[in-house]
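Student: I should like to go through this model and ask what justifies each structural term applied to it. May we begin with the strands?

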Amino acid sequence: MRRLGVAAALIAGTVDVLYLGYVSSQGAGDPQFLRVPFVALFIAVMAICAALSARTSAARWRPLLLGVSAAGLLLLGYFGIFSIGLPLLVAGAFALVSLVGTLTLEGGPPAGSGKAAGAGMAAGGAVLAVVVLLAGFSVAERAIRCPASGIESGSGPGVLGGSYEYSCNYGKLTISR
């Protein structure tokens, strides 16, 4: 089952590199300048968690690492289904299958409280990944950089906190709900 963690890490890492390459080829100019770095960093952390879960020395923390990786990759894959989401969903599914295998099949925690502790760690990791992703999107979408000259405007649905509209008028930012 640890091989699935490695597969999830490789897929997520490859998607991250391709994502950064594609976005950098489009040139600068996104007023929401924190979105791309946040998504790239989040994918990298999910890949690292999946890779670390495959280490023999990580047996104690494997449910947490796989819970973080599975939930983060699945949710980000769902959000990005029309762009980078499909391979992230596959990577998340691999991490999830590895997690289930860790908790039930192959030499996972012993029966009783060890299994409950492993499941609790996995659930806690999943909640952590979801909270970090949603909070990060909320912060990144509201961090808007206005050009010094010209007029620009846009809007967004707002992951947490409702929809918003912004306008830039010669370097002055106005945000309304």
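Tutor: Let us begin with β2 and β3, bearing in mind that the model is predicted. β2 and β3 run antiparallel and are joined by 5 bridges.

Student: What makes β2 and β3 a pair of strands?

Tutor: Two strands pair if at least two bridges are found between them. β2 and β3 have 5 bridges, so the requirement of at least two is met. Within this arrangement, S167 lies opposite T174 of β3.

Student: Which strands stand at the edges of the sheet, and why?

Tutor: The sheet is open, with 3 strands in the order β1-β2-β3 and antiparallel pairing. β1 and β3 (172-176) each have a single partner strand, so one side of each lacks a neighbour in the sheet and both stand at the edges. From one strand to the next, the twist averages 15°.

Student: How do you know that C146 and C168 form a disulfide?

Tutor: The sulfur atoms of C146 and C168 are 2.0 Å apart. The cut-off is 2.5 Å, so the pair qualifies as a disulfide. By this rule the count is 1 disulfide. The pair links distant parts of the chain: C146 belongs to the loop between α5 (113-142) and β1 (151-156), while C168 belongs to strand β2 (residues 164-169), and the two are 22 residues apart.

Student: Why is the disulfide of C146 and C168 called left-handed?

Tutor: The torsion about its S-S bond is about -70°, so the disulfide of C146 and C168 is left-handed. Both cysteines are buried.

Student: Why is C49 called buried?

Tutor: The relative accessible area of C49 is 12%. Buried means under 20%, so C49 falls into that class.

Student: Why is S53 called buried?

Tutor: The relative accessible area of S53 is 1%, and the threshold for buried is under 20%, so the term applies. S53 is placed in helix α2. Leaving aside neighbours within four places in sequence, S53 is in contact with R2, G5, R62, L65 and L66.

Student: How many residues of each class make up the contact of α2 with α3?

Tutor: First, the geometry of the two helices. The axes of helix α2 (residues 35-53) and helix α3 (residues 62-79) come within 8 Å and cross at roughly 145°, and the crossing is left-handed. On the α2 side the contact involves V39, F42, I43, M46, C49, A50, L52 and S53; these meet R62, L65, L66, V68, S69, G72, L73 and L76 in α3. By class, that contact has 12 nonpolar, 3 polar and 1 charged residues.

Student: Where is L75 found, and which residues is L75 in contact with, leaving aside neighbours within four places in sequence?

Tutor: L75 is found in helix α3. With those neighbours left aside, L75 is in contact with V130 and L133. The C-alpha atoms of L75 and G85, which are 10 residues apart along the chain, are separated by 9.0 Å.

Student: What is the pattern of the protein, read along the sequence?

Tutor: The pattern is α-α-α-α-α-β-β-β, from 5 helices and 3 strands. Of the 177 residues, 37% count as buried. Among contacts with a separation of 6 or more, 57% are between residues 24 or more positions apart. Taken along the principal axes, the C-alpha atoms fill a box of roughly 65 × 30 × 25 Å.

Key: Residues numbered from 1 in each chain as written. Predicted model: local features only at pLDDT ≥ 70, side-chain atom pairs only at ≥ 80, totals over all residues. Heavy atoms only, no water. Helix = DSSP H or I, 4+ residues; strand = E, 2+ residues; numbered from the N terminus. Buried < 20%, exposed > 50% of the residue type's maximum accessible area, 1.4 Å probe, protein only. Axes fitted to C-alpha atoms, helices over the stretch in contact; angles between N-to-C directions. Left-handed = near helix turned anticlockwise from the far one by under 90°. Contact = heavy atoms within 4.5 Å. Nonpolar A, V, L, I, M, F, W, Y, C, P; charged D, E, K, R; others polar.
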